[in-house]
Amino acid sequence: MLKLVVLISGTGSNLRALLDAIDDSRNSEQPIAAEIVAIGADTPKANLALAAERSIPTFLVQPGDYPDRAAWGDALLEEIQRWEPDVTILSGFMRLVPPRVVDALSPELLNTHPAYLPEFPGAHAVRDAIEAQVSETGATIMIVDNGVDTGPIIAQQRIPIHPEDTQESLHERIKIVERELLTETVRNLALGTINLKEIAA
Ligand code: GRF
């Protein structure tokens, strides 16, 4: 059973979709052999109620409680490693993970990004795609490295931008694809058909 820790900062709708996909697969011919053993956040605004609904342990590690980013990262890493995850997933986690955390966890540290990397990296990918007036963007699952959305890509898919799209309408359409890519990535990791060390090599 693949043990996962997932970190969120916001509504956690992609996490909810992953939880549901894993649960729904249990009664299928191909159960996803993965379990989310803990859910962490950097802010109390994150939707940790998702975890409570499923009796999944949570942890909250807030930057404001630490003297600097490195100390916050060390505390975050300690919390993550308590659960001995096989893979840690950032799913709408809106902070750059400090180098000591990346070095300790990657390549078993993944992120989802609402663009077709290396296009539109950073925290405003959806807005940037609309402002660029391009006809398509995408969604990407990648390994986290010490850059900003520069890690090795695991899966990605193109998504059209419609002229009437707002940032919200486009982001919701992107999230649907992110959820599909993330679920398939977790399924393949559990099956062993994806080798993160090979991808990161
Ligand atoms: C996702 O699009 C993710 O790629 C981005 O923030 C969004 C998270 O949405 N970093 P949610 O919190 O899962 O609803």
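A residue counts as near a molecule if one of its heavy atoms lies within 4 Å of that molecule. The exercises below apply to a predicted model.

**Exercise 1. Determine how many residues surround the ligand, and describe the shell by class and by the elements that supply it.**

Solution. Begin with the count: the ligand is surrounded by 13 residues, and the closest are T11, S13, H171, K175 and E178. Next, sort the shell by class, which gives nine polar residues, two nonpolar ones and two charged ones. Then turn to secondary structure, where helix 1 (13-25), strand 5 (109-113) and helix 6 (167-191) each contribute at least two residues to the shell, and helix 6 provides the largest share, with three residues. Finally, place the ligand in the protein: the space that the ligand takes is the largest pocket.

**Exercise 2. Identify which polar atoms of S13, N14 and K175 lie by oxygen atoms of the ligand, and at what distances.**

Solution. Start with S13, whose side chain has an N or O atom 2.5 Å from an oxygen atom of the ligand. For N14, it is a backbone N or O atom that lies 2.8 Å from a ligand oxygen, while for K175 a polar side-chain atom lies 2.8 Å from an oxygen atom of the ligand. As a last step, consider the surface: the ligand taken alone exposes 370 Å², of which the protein buries 91%.

**Exercise 3. Decide whether D42 is buried or exposed, and find its side-chain partners.**

Solution. First locate D42, which lies in the loop between strand 2 (34-41) and helix 2 (49-53). Its relative accessible area is 5%, and because buried means under 20%, D42 is buried. Then list the partners: the side chain of D42 makes a polar contact of 2.7 Å with that of S9, and another of 2.7 Å with that of R95.

Definitions and conventions: Residues are numbered from 1 along each chain as its sequence is written. This is a predicted model: local features need pLDDT of at least 70, side-chain atom pairs count only at pLDDT 80 or more; totals for chains, interfaces and linings use all residues. Side-chain values use heavy atoms; hydrogens and water are left out. A polar contact is a pair of N or O atoms within 3.5 Å; within protein, one must be able to donate a hydrogen and the other to accept it, and residues adjacent in sequence count only if both atoms are side-chain atoms. Accessible areas come from the Shrake-Rupley method with a 1.4 Å probe; for residues, only the protein chains shown count as cover. On a 1 Å grid over the protein atoms alone, a cavity is a set of points where a 1.4 Å probe fits but cannot get out, and a pocket is an open set with protein on both sides within 12 Å along at least five of seven lines; lining residues have an atom within 4 Å of a point. A molecule sits in a cavity or pocket if more than half of its atoms lie within 2 Å of its grid points. Helices (H or I, at least four residues) and strands (E, at least two) are DSSP runs, numbered from the N terminus. Ala, Val, Leu, Ile, Met, Phe, Trp, Tyr, Cys and Pro count as nonpolar, Asp, Glu, Lys and Arg as charged, and the others, Gly among them, as polar. Buried means under 20% relative accessible area, exposed over 50%, partly exposed in between (1.4 Å probe, protein chains only).
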